[in-house]
Amino acid sequence: MNSSSSIRLQAGDALIAVDVQNDFLPGGSLAVPEGDAVVPAINRYLAAFAARALPVFATRDWHPTNHCSFKAQGGIWPPHCVAATRGAEFAHALTLPETAVIISKAATPEADAYSGFGGTNLAARLRADEVTRLFIGGLATDYCVLNTVRDALAEGYTVLLLADAIRAVDVNAGDGARALDEMQGLGARAIRYEDLAP
Ligand SMILES: [Zn+2]
């Protein structure tokens, strides 16, 4: 292992777990293939951040029953992540710390938000915590992870994409791979847990 390439967690780092919610896991109403695989993967990063008392953010879709992204309202998705339902809960096995900041998005009927920055106070919370570098993983690679990473880069953050803790919807074959290419092309660095310095 090349120690010069390993990543040392430090002050200014924050982890964003994107939409690790029951409806996006196998058995959920908008299941991402192998979506459950991100849970143990993100848990390892969560433990590393907890050990260093670094901040953790968890985004979630938090939709009303008549949300515009649902097919009944002309959207493209089946109903999912309706606020305060089991489907909207974080994966039971996700070990979020007590101090995790929950960022709810797309909570009104008329607006959707794939990005954790969309219509939320995430940017303000990150500034308050003096965050400069974001570690981003979760669901799904080709929608909410992609859009969160785009916005994080546009906001000027250094972005480390947790390549072993994301999964794609792949509505069209290859969407996940294209999203990964785009994020890296925009400047995100794809890492795996093994890249963290012990
Ligand atoms: Zn949604």
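Strand β1 is joined to strand β4 (residues 133-139) by six bridges, and the two strands run parallel. This structure is a predicted model. The briefing below covers strand β1 and its partners, the zinc site, and the surroundings of serine 115.

**Strand β1 and its partners**

- Within the pairing of β1 with β4, aspartate 13 stands opposite arginine 133.
- Strand β1 is also joined to β2, in this case by four bridges, and these strands likewise run parallel.
- One position in this second pairing is alanine 17, whose bridge partner in β2 is alanine 58.
- Together with helix α1 (residues 38-51), the strands β1 and β2 form a β-α-β unit, and this unit is right-handed.

**Burial of strand β1**

- Strand β1 spans residues 13-18, and because six of its six residues are buried, the strand is largely enclosed by the rest of the structure.
- In a regular strand, side chains alternate between the two faces of the sheet.
- In β1, Asp13, Leu15 and Ala17 point one way, while Ala14, Ile16 and Val18 point the other way.
- The residues on both sides of β1 are all buried.

**The zinc site**

- A zinc ion is coordinated by three residues, namely Asp61 through OD, His63 through NE2 and His80 through NE2, at 2.0 to 2.1 Å.
- Along the chain, the donors of the zinc ion follow the spacing D-x1-H-x16-H.
- Histidine 63 and histidine 80 are 17 residues apart and link distant parts of the chain, each lying in the loop between β2 (56-61) and β3 (101-105).
- Histidine 63 and histidine 80 are both buried.

**Serine 115 and its surroundings**

- Serine 115 lies in the loop between β3 and α2 (122-128).
- The relative accessible area of serine 115 is 5%, which is under the 20% limit, so this residue counts as buried.
- Through its side chain, serine 115 reaches the backbone nitrogen of phenylalanine 117 at 2.9 Å.
- A polar contact at 2.6 Å connects the side chain of serine 115 with the side chain of aspartate 151.
- When neighbours within four places in sequence are left aside, serine 115 is in contact with Lys105, Asn147, Thr148 and Asp151.
- Asp151 therefore appears both in that list of contacts and as the polar partner of the buried serine 115.

Note on methods
Residues numbered from 1 in each chain as written. Predicted model: local features only at pLDDT ≥ 70, side-chain atom pairs only at ≥ 80, totals over all residues. Heavy atoms only, no water. Donors = N, O, S within 2.8 Å, 3.2 Å for Na, K, Ca; no water. Buried < 20%, exposed > 50% of the residue type's maximum accessible area, 1.4 Å probe, protein only. Polar contact = N/O pair within 3.5 Å; in protein donor to acceptor, adjacent residues only side chain to side chain. Contact = heavy atoms within 4.5 Å. Pairing = 2+ DSSP bridges. Right-handed = clockwise from strand over helix to strand, strands pointing away.
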